[in-house]
Amino acid sequence: MTIRLFARGRFALVALAGALLLAACGEVPLAPIDSRLARRLDNVRLDPGAAESAINAYRSSRSLKPLRLDPALTAMAQRQADAMVAGDALSHGVGGPFPTRLAAAGIVTTEAGENLGAGYFSLDEAMTGWRGSAEHDANLRMPGFTRMGVAIAKSPNTHYGVYWALELAADQQRPSDALRTGGF
């Protein structure tokens with residue numbers, strides 16, 4: 001999901017690019033978690049620095065500027081991953097509407113996006129999945145993005161076991177420059 005905000009005077013027009021991204025996040029059933037899968041799930045780890053390096057290597061190969069880890073986006077990603085585990089759902093909406101979550105995280109920007117994934121047991125698997133989806137790949141390659149946050153949440157009692165959230169955004173804007181998104 002990518003949101004672009006454009007301002008005209010005091011009013012803002014919100015254009016939602018990739019509104020149907022949820023289709024790209026469609027569910028692929030996994031077998032119930034058995035003891036081997038539970039052990040494998042226990043071994044799933046996320047190193048945010050490694051994720052930043054992997055994403056930046058991919059962006060560099062496309063002549064794009066690197067992203068930097070952002071604490072507010074990382075916290076937002078963790079809340080979304082936790083919400084997906086709690087709801088046992090791979091969903092952009094389970095943690096609330098994306099614009100609402102951005103505002104709650106204090107993210108004031110002209111452009112933001114989100115990549116979600118589930119059932120990936122490594123960063124390499126998540127990256128392969130995101131690069132293989134046109135909408136997710138477009139977010140990875142968005143030239144205006146400058147920062148990111150990434151997180152996972154796990155539970156063997158869920159359909160997928162592990163849920164991934166990657167939040168991406170352009171530079172922070174001053175509150176006086178903030179664009180109002182209105183209701184979604």
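Met 148 is a good place to drop into this predicted model. Leaving aside residues up to four places away in sequence, Met 148 touches Ala 51, Glu 52, Ile 55, Leu 67, Arg 68, Leu 69, Asp 70, Leu 73, Thr 74, Leu 166, Glu 167 and Leu 168. One of those contacts, Leu 168, stands opposite Met 148 in strand 6.

Met 148 also belongs to something bigger. The largest nonpolar core has 22 residues, and Met 148 is among those with the most contacts inside it, along with Ile 55, Met 127, Trp 130, Leu 140, Trp 164 and Leu 166. Helix 2, helix 5 (123-131), strand 5 and strand 6 are the elements that each put two or more residues into this core. There is a second core too, separate from the first: it has 12 residues, including Val 85, Leu 90, Ala 118 and Ala 151. As a rule, nonpolar side chains in soluble globular proteins tend to be buried together.

Now step back to the whole chain. The protein chain has 6 helices and 6 strands, and read from the N terminus their order is β-β-α-α-β-α-α-β-α-α-β-β. Of its 184 residues, 42% are buried. If you take the contacts between residues at least 6 apart in sequence, 73% of them join residues at least 24 apart. On the outside, the chain exposes about 9200 Å², with carbon and sulfur atoms supplying 55% of that.

Strand 6 deserves a closer look. How many of the 8 residues of strand 6 (residues 162-169) are buried? The count is 8 of the 8, so the strand is largely enclosed by the rest of the structure. Both of its faces are covered: one side carries Val 162, Trp 164, Leu 166 and Leu 168, the other Tyr 163, Ala 165, Glu 167 and Ala 169, and all of these are buried. Note that Glu 167 is on that list of buried residues, and that Glu 167 is also one of the contacts of Met 148.

Strand 6 has strand partners as well. With strand 5 (residues 147-154) it pairs in the antiparallel sense over 8 bridges, and with strand 4 (residues 111-118) it pairs, again antiparallel, over 7 bridges. On the strand 4 side, Ala 118 stands opposite Tyr 163; Ala 118 is also one of the residues of the second core. Between strand 5 and strand 6 there is a loop, and Ser 155 lies in it. Is Ser 155 buried or exposed? Its relative accessible area is 14%, below the 20% limit, so it counts as buried. Setting aside residues up to four places away in sequence, Ser 155 touches Leu 41, Val 85 and Gly 161.

Val 85 takes us over to helix 3, where it is one of the buried residues, together with Leu 73, Met 76, Ala 77, Gln 80, Ala 81, Ala 83 and Met 84. These buried residues pack against helix 4, strand 4, strand 5 and strand 6. The length of the helix checks out: at 1.5 Å a residue, its 17 residues should span 24 Å, and the end C-alpha atoms are indeed 24 Å apart. At the N-terminal end, Asp 70 caps helix 3, with a side-chain oxygen 2.9 Å from the backbone nitrogen of Ala 72. Asp 70 is another of the residues that Met 148 touches.

At its other end, helix 3 is followed by Asp 88, whose phi is positive, near 45°. Asp 88 is not a glycine, yet it has that positive phi. It lies in the loop between helix 3 (71-87) and helix 4 and is partly exposed, with a relative accessible area of 35%. Ser 63 is another residue other than glycine with a positive phi, here near 60°. This serine is found in the loop between helix 2 (48-60) and strand 3 (68-69), and at 71% relative accessibility Ser 63 counts as exposed.

Let's finish with helix 4 (residues 98-104), where Ala 104 is found. With 68% relative accessibility, Ala 104 counts as exposed. The C-alpha atoms of Ala 104 and Ala 72 are separated by 10.0 Å, although the two residues are 32 residues apart along the chain. Ala 72 is the residue whose backbone nitrogen lies 2.9 Å from the capping oxygen of Asp 70.

Key: Residues numbered from 1 in each chain as written. Predicted model: local features only at pLDDT ≥ 70, side-chain atom pairs only at ≥ 80, totals over all residues. Heavy atoms only, no water. Helix = DSSP H or I, 4+ residues; strand = E, 2+ residues; numbered from the N terminus. Buried < 20%, exposed > 50% of the residue type's maximum accessible area, 1.4 Å probe, protein only. Pairing = 2+ DSSP bridges. Contact = heavy atoms within 4.5 Å. Core = buried A, V, L, I, M, F, W, Y, C linked by side-chain atoms within 4.5 Å. Areas by Shrake-Rupley, 256 points an atom, 1.4 Å probe, with all protein chains shown as cover. Expected span 1.5 Å × (residues − 1). Polar contact = N/O pair within 3.5 Å; in protein donor to acceptor, adjacent residues only side chain to side chain.
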